[in-house]
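Work through the exercises below with the sequence and the coordinates at hand, and try each task before reading its solution.

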Amino acid sequence: MTLLPESADMITLAASYVAGKWGGGTGEQFAVTSPATGERIGAVGAAGAGDVDAAVAAAGTALVSSPWRDFSPAERAAALSRLADALTARKGELADLMTAEIGSPRKWSTFGQVLTAVGALRAYAAITPDYPFESTRPSATGGTVTVSQLPVGVVGAIIPWNTPLFIAALKLGPALSAGCTVVLKPSPDAPLSIGVLTKAIEEAGLPDGVVNLVNGGTATGAALMSHPAVDKISFTGSTTVGAQIAAACGSQIRRCSTELGGKSAAIVLPDAALESTVSGLVGGVMGNNGQLCAALTRIILPHSRYDEFTTALTTAVAGLSVGDPADRSTDIGPLINESARDRVEGFLQRARGEGATILTGGECLTGPGWFVTPAVVAATNDMEIAREEVFGPVAVVITYDDAQGDSAAVSIANDSKYGLVGAVWSADGDRAAAVASRLRVGSVAVNSTAVLDFGSPFGGFKQSGIGREGGPEGIAGFVEYQAVIR
């Protein structure tokens, strides 16, 4: 077993990283393949139940009897800052690695994959020293009450393949800020960048056992999720799996937070500027090859300007460069694997059957890799392609009757089982903000695609999840309140 060799074509990771040491495994391995070529670029071992036991035990020990237990909020913040520094020093290596294993376009990887993770950690480094972990107030009986926010305990953090380092940081930031310890479980489709994360954790000087790692597939995740010594599960992934995890945690009275799917709407008001709005819309739906939970995949256009915006959007999307994600001129790389490519193709085929019109793209390219050309689809909000998460480079345009006012657009945007993010474009910022406040979603960008601010809560309404990550609200999800009454 080799851990992240400095120069090799193949990277092999062991099944688990426990208390600062790699090892373990059932003997099974998962191949890591390049979505651009289909070639094997690495492998990762599968952690069994015993490996999960060891990781959870190490996290439990670090929680109660390691130096971590006595770290002050300021010391925890300093550790997060050092972790951000260590990742920044490796940003080129990490960006190259995630372009190789995920297919993220290289010109997107540095910011979209690495610097977002750094930003999340730095935000928590800034928030933690002043967070009210303890406060005192008068009691109703005439004495005082000291309210402490104590770490929830050992956290099982299950992260997806599409932005693994960023999602890991969104979980590590608030969990470590609160004083918790963590067992990370990456996706077997994209575990390699999390291997690099363990090096950064060591460089940051976090005590052994504070952050542990178990690799593997569904069985490994199930063992972590059901482990009796795990105090909270934090999961990011599909709504289907999130519902199963939430149900299992509920049956065990285990704390749980979930950040799940989205079918987010971008509302274009009739006075929106054409060029800047179209540029924002393309970035909002096509980032990371459309493989983002926060992608603005429903574009809601005013009837009075529908043809103008649709023509401009179709032209812009048709002009995107599709190809090798390592080439910095590439805009759209491959989907993560064959099943993802087939899923997108199926959505497009069924959309045609329902009467939708493919205005551009949607073609599966022959040759190596799992490429679909970026598509714009004219549909109505009752069609499957406008209601389900496609998770690929597909923008759906829907018209609304702007003669009926902004309420017509809001009604379509809110007519979804999801409620993760949204965006509103208008020449009048106050008007856009007023529309934004009426959307049943966790965060809304005005005249931009900045649907996530590292110092603010991120999460969804409805089937987009339960709980928040980001900002002080994120820390609140990793603490238990204790009142001492005197």
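**Exercise 1. Find how far apart the centres of domain 1 and domain 2 lie, taken over C-alpha atoms, and describe what is buried between these domains.**

Step 1. The centres of domain 1 and domain 2, taken over C-alpha atoms, are separated by 31 Å; the domain assignment gives domain 1 as 11-260 + 464-485 and domain 2 as 265-446, with bounds that come from an automatic or database domain assignment. The model is a predicted one, in which local features need pLDDT of at least 70 and side-chain atom pairs count only at pLDDT 80 or more, whereas totals for chains, interfaces and linings use all residues. Residues are numbered from 1 along each chain as its sequence is written, and side-chain values use heavy atoms, with hydrogens and water left out.

Step 2. Counting contacts (heavy atoms within 4.5 Å), one finds 22 residues of domain 1 against 27 residues of domain 2.

Step 3. The buried area, that is, the accessible area (1.4 Å probe) that two parts lose on being put together, summed over both, is about 2000 Å² between domain 1 and domain 2, and carbon and sulfur atoms give 57% of it. On the side of domain 1, the residues that lose the most area to domain 2 are K107, W161 and S464, which together make up 26% of what that side buries.

Step 4. Between domain 1 and domain 2 the count is one salt bridge, where a salt bridge is a side-chain nitrogen of Lys or Arg within 4 Å of a carboxyl oxygen of Asp or Glu.

**Exercise 2. Examine the salt bridges of D331 with K107, of R255 with E480 and of D70 with R69, and decide how each residue is placed with respect to the surface.**

Step 1. Side chains of opposite charge can pair when their charged atoms come close. By the rule of Exercise 1, the count comes to 16 salt bridges.

Step 2. D331 and K107 meet through their side chains at 2.6 Å, N to O. D331 lies in the loop between α10 (306-318) and α11 (338-354) and K107 in helix α4 (residues 106-127), so this pair ties together parts that are 224 residues apart in sequence; helices (H or I, at least four residues) and strands (E, at least two) are here DSSP runs, numbered from the N terminus.

Step 3. For accessibility, buried means under 20% relative accessible area, exposed over 50%, and partly exposed in between (1.4 Å probe, protein chains only). D331 is therefore partly exposed at 24%, and K107 is partly exposed at 46%.

Step 4. R255 and E480 form a salt bridge at 2.7 Å, N to O. R255 belongs to strand β12 (residues 255-259) and E480 to strand β23 (residues 479-485), which puts the partners 225 residues apart. R255 has 40% relative accessibility and counts as partly exposed, as does E480 with 30%.

Step 5. D70 and R69 have their closest N and O atoms 3.3 Å apart, and both residues are exposed.

**Exercise 3. Establish the strand order of the open sheet of three strands, and then describe how β6 is paired.**

Step 1. Strands of a sheet pair through backbone hydrogen bonds, either parallel or antiparallel. Two strands count as paired here if DSSP finds at least two bridges between them.

Step 2. The order of the open sheet is β1-β5-β4, with mixed pairing. Because β1 (11-13) and β4 (29-33) stand at the edges with a single partner strand each, one side of each is left without a neighbour in the sheet.

Step 3. β4 pairs with strand β5 (residues 40-45) in the antiparallel sense over five bridges, and A31 stands opposite A43 in β5.

Step 4. Strand β6 (residues 134-138) has five residues, of which the number buried is zero, so β6 lies largely in the open. Five bridges join β6 to strand β7 (residues 144-151), and the two run antiparallel; P138 has T144 in β7 as its bridge partner. The hairpin formed by β6 and β7 has five residues between the strands, and G142 in the turn has a positive phi of about 105 degrees.

**Exercise 4. Is T163 buried or exposed, and which residues does T163 touch?**

Step 1. T163 is placed in the loop between β8 and α5 (164-178).

Step 2. With 6% relative accessibility, T163 counts as buried.

Step 3. Not counting residues up to four places away in sequence, T163 touches W108, G112, Q113, N288 and L292.
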